[in-house]
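Please explain how the cysteines of this chain are paired, and go through the geometry and surroundings of each link in turn.

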Amino acid sequence: MLNSKAFVAVAIVLVAIVVSWFAFFAKEPAPDFTAYTAGPDRKAAFFEYFTPIVVDLNKEFAADRQQIESACDADKTNQLDEFITKFRIEDDELEQESACTILLRRADIIPVSLAIAQAANESAWGTSRFAKQGNNFFGQWCFTKGCGIVPKSRDTNKTHEVADFRSPADSVESYMLNLNTHDAYKPLRNIRQNLRQKGEVITGVALSYGLNKYSERGDEYGKELRDMISFNKLGSLDKLDANAQEDDAE
């Protein structure tokens with residue numbers, strides 16, 4: 001008969017096994033895009049899969065924005081705590097600008113055309129190792145040992161890994177929050193804010209000029225995204241965000 005210490009040890013092992021089992025089988029992989037012929041067929045499958053994910057997340061951001069605007073208009077900034085956390089606003093930032101000012105710059109949509117173009121660019125249309133193994137379609141890194149997949153070409157002095165996501169949707173959400181919060185993408189958020197102030201449509205092409213720090217390729221990376229948007233006629237997808245933009249303008 002097991003003593004109490006042995007019983008606890010066995011229980012811990014069993015719990016770990018169960019957790020690992022659920023973590024593995026709960027993963028939701030994207031379609032196998034390599035099953036489609038490279039070219040129009042693969043692209044069509046890619047667009048069909050990711051477009052509704054981006055649209056749904058933009059609806060969430062639009063809803064967040066409306067709540068933030070309502071709270072700010074009513075001078076009820078005590079209702080903003082969850083958004084301050086979600087959009088990763090630090091205390092030192094609040095010493096320089098109001099929560100309303102910062103949140104209304106961050107809580108906003110990422111055009112469908114831009115998200116799709118970046119996903120395609122970073123994941124080789126869903127066929128990269130990181131996309132297939134880790135549901136990572138945007139080349140996002142993480143910095144805790146074991147948090148993701150170690151790149152085979154990683155320099156010996158580097159410690160980053162490529163983040164591993166439970167589902168492709170989680171990858172998209174993380175990417176969109178990254179653009180909406182990271183210091184590197186302030187230019188993108190400023191462009192978007194200016195478009196809103198002028199009452200103009202927020203497009204992937206316009207925001208691509210604020211992504212020079214997303215890649216070591218700098219300006220060339222933004223140009224590559226614009227070429228992808230143009231060649232694949234992705235600009236038409238931005239119309240799917242029109243309701244969110246119109247609602248905010250009312």
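Counted along the chain, the bonded cysteines pair in the pattern 1-2, 3-4, and the structure, a predicted model, holds two disulfides, a disulfide being a pair of cysteine sulfur atoms within 2.5 Å. Residues are numbered from 1 along each chain as its sequence is written, and side-chain values use heavy atoms, with hydrogens and water left out. Because the model is predicted, local features need pLDDT of at least 70 and side-chain atom pairs count only at pLDDT 80 or more, whereas totals for chains, interfaces and linings use all residues.

One disulfide joins Cys72 to Cys100, with an S to S distance of 2.0 Å. This pair links distant parts of the chain, since Cys72 lies in helix H2 (residues 40-73) and Cys100 in helix H5 (residues 99-106), 28 residues apart; helices here are DSSP runs of H or I with at least four residues, numbered from the N terminus. The torsion about the S-S bond of Cys72 and Cys100 is about -105°, so this disulfide is left-handed. Both Cys72 and Cys100 are buried, that is, under 20% relative accessible area, where over 50% is exposed and anything in between partly exposed (1.4 Å probe, protein chains only).

The disulfide between Cys142 and Cys147 also has an S to S distance of 2.0 Å, but with 90° about the S-S bond this link is right-handed. Cys142 is buried because its relative accessible area is 13%, while Cys147, at 25%, is partly exposed.

As for confidence, the mean pLDDT (the predictor's confidence in each residue, from 0 to 100) of the chain is 88, and 83% of its residues reach 70 or more.

How values were computed. Helix = DSSP H or I, 4+ residues; strand = E, 2+ residues; numbered from the N terminus.
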